[in-house]
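Good morning, everyone, and thank you for making room for me today. I would like to walk through one structure slowly, taking one region after another, so please keep the picture in view while I talk.

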Amino acid sequence: MDVNSHAEELASDLGVDKEEVKADLENLLEYSVPIDEAKQSVRRKHGGGGGGSTPTPDSVDVGEITTDHDGVTVTVRVLTQGTRTIRYQGDDLTIREGEIADGTGVISYTAWQDFGFEPGDSLTIGNAGVREWEGKPELNLNDSTTVAIADEAVEVDREVGGDRSLVDIAAGDRGRNVEVRVLEVDEKTISGRDGETEILEGVVGDETAKLPFTDWQPRSELEAGADLRIEDVYVREFRGVPSLNLTEFSTVTPLPDPVEVAEDAPRLSVADAVASGGMFDVEVVGNVLEIRDGSGLIERCPECGRVVQNGQCRSHGDVDGEDDLRVKAILDDSTDTVTVVLDDELTAEVYGGGLDDALAAAKDAMDKEVVADDIADALVGRAYRVRGNLSVDDYGANLDADEFALADDDPADAARAALAEVGE
């Protein structure tokens with residue numbers, strides 16, 4: 001984004017100093033205010049009014065919109081709408097956000113004021129700004145945007161409304177509704193933007209999946225065992241998996257009938273699990289190819305728990321590390337690979353002894369690596385069933401295991417059997 005050109009244009013229109021305008025714009029952009037909204041704010045500050053002289057852009061199809069567009073006019077159907085409050089320059093601002101679509105595609109939006117539309121409405125939206133959000137274009141509806149009921153209903157091959165099963169929830173979703181059973185819940189005190197804040201954290205489930213949640217306005221209805229319909233939640237990524245977030249605009253209603261919760265995690269191929277972008281509770285089966293460096297006896301920072309390398313913590317510098325056990329194993333099922341991480345308890349199970357045993361073995365051998373070597377001898381080449389939470393980022397896929405057990409079915413054997421059938 002060329003702030004200079006926007007500042008020069010505004011300064012010329014308003015007859016004020018360019019550097020002052022540029023400083024105002026940069027301050028607003030620093031708080032992630034869309035460029036169109038930022039320009040309107042600067043106009044108002046300097047007495048230039050809210051409209052400017054920009055003509056209404058030509059109509060485009062949703063599928064054609066890119067981040068190269070400054071503004072667009074679209075005729076669409078509203079799929080979802082969520083409401084939440086954000087903090088902007090010390091003030092609380094209520095926004096509406098969700099997804100809209102036409103016959104060519106779907107795009108997310110943020111409305112910086114209440115235009116009065118609802119899911120299912122067909123609209124013509126004029127002069128909507130475009131910004132990049134999580135790598136994709138997003139429409140921004142501000143005070144220079146016009147919203148009117150479309151002349152004809154917009155037909156879309158998309159689900160209208162926010163109702164979703166947990167397995168279909170993804171980070172970035174807004175305005176979602178779920179029907180779930182509360183499986184776990186804890187009260188916590190955190191340091192929030194207004195000081196110490198009481199919140200609820202836990203896990204909910206339905207017949208398709210389980211997901212973590214945070215309630216920023218602690219509600220008494222959210223107790224373990226409760227069956228609830230929760231409306232208007234937004235979803236963000238937490239430790240690599242989707243997490244439901246309840247705001248002051250979310251509603252919680254007890255359900256008359258119990259919600260069925262799947263006891264088993266969905267079993268996926270490693271490739272399908274990785275392609276999901278992250279899952280809270282998933283099961284894969286594969287063969288351990290190798291044990292990665294950083295397995296066996298390790299040291300952790302006593303302050304933050306991060307692994308210490310050569311007495312150095314990335315956050316706290318020189319520290320006296322605390323001994324711990326961990327395994328990082330490469331698991332392969334012939335579709336893809338994932339790094340399986342075992343905590344101290346699961347590591348002790350596969351090693352056949354706890355931390356004291358590992359320290360004694362390392363002392364006898366005068367080499368910490370003997371522990372990792374013993375673990376590798378026990379695991380490499382064997383098939384395991386792994387259940388846990390999967391996170392996927394630029395550095396790869398990691399599965400933090402809750403369960404790690406010898407597989408009843410060896411994926412290599414299954415692959416050979418399938419190939420044999422094809423060859424017949």
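Let me start at a turn: in the hairpin formed by S5 and S6, where two residues lie between the strands, glutamate 134 takes a positive phi near 55°. Please keep in mind throughout that what we have here is a predicted model.

From that turn we can look at the two strands themselves, because S5, residues 122-133, has several partners to follow, and nine of its twelve residues are buried, so it is largely enclosed by the rest of the structure. Strand S6, which covers residues 136-141, runs antiparallel to S5 and is joined to it by five bridges, and within that pairing you can find valine 130 standing opposite leucine 139. Strand S1, residues 71-78, is also antiparallel to S5, with six bridges between them, and here glycine 71 has glycine 129 of S5 as its bridge partner. Then there is strand S7, residues 146-149, which pairs with S5 over four bridges, again in the antiparallel sense, and there glycine 126 stands opposite threonine 146.

Now let me turn to a single charged residue. Is glutamate 97 buried or exposed? Glutamate 97 sits in strand S3, residues 91-102, and because its relative accessibility is 2%, below the 20% cut-off, it counts as buried. Which side chains does it meet through polar contacts? The side chain of arginine 84 makes a polar contact of 2.4 Å with that of glutamate 97, and the side chain of arginine 174 makes another, of 3.0 Å. If we set aside residues up to four places away in sequence, the residues that glutamate 97 touches include both of these arginines, together with Thr80, Gln81, Gly82, Tyr109 and Thr110.

Next, please find the loop between strand S12, 241-254, and helix H4, 270-275, which is where valine 259 is located. Although valine 259 lies in a loop, its relative accessible area is 12%, which is under 20%, and therefore it is buried. Again leaving out residues up to four places away in sequence, valine 259 touches Glu179, Val180, Arg181, Gly205, Asp206 and Asp227. Valine 259 and alanine 376 are 117 residues apart along the chain, and their C-alpha atoms are separated by 42 Å.

Alanine 376 brings us to helix H7, residues 369-379, whose buried residues are Val371, Ala372, Ile375, Ala376 and Leu379. These cover an arc of only 135° around the axis, which means that they are on the same side of H7. Just after this helix, glycine 381 takes a positive phi of about 90°.

Finally, Leu379 appears once more, in the largest nonpolar core, which has 32 residues, and there Val340, Leu379, Val386 and Phe404 touch the most other members. Strand S13, residues 278-291, gives the most to this core, with five residues. Apart from this core lies another one, of 22 residues, and among them are Val182, Leu228, Val233 and Leu246. As for valine 340, its contacts beyond four places in sequence are with Val327, Lys328, Ala329, Leu331, Val386, Leu399, Ala401 and Phe404.

That is the end of my tour, and I am happy to go back to any of these regions.

Key:
Residues numbered from 1 in each chain as written. Predicted model: local features only at pLDDT ≥ 70, side-chain atom pairs only at ≥ 80, totals over all residues. Heavy atoms only, no water. Buried < 20%, exposed > 50% of the residue type's maximum accessible area, 1.4 Å probe, protein only. Polar contact = N/O pair within 3.5 Å; in protein donor to acceptor, adjacent residues only side chain to side chain. Contact = heavy atoms within 4.5 Å. Pairing = 2+ DSSP bridges. Arc of directions from axis to C-beta. Core = buried A, V, L, I, M, F, W, Y, C linked by side-chain atoms within 4.5 Å.
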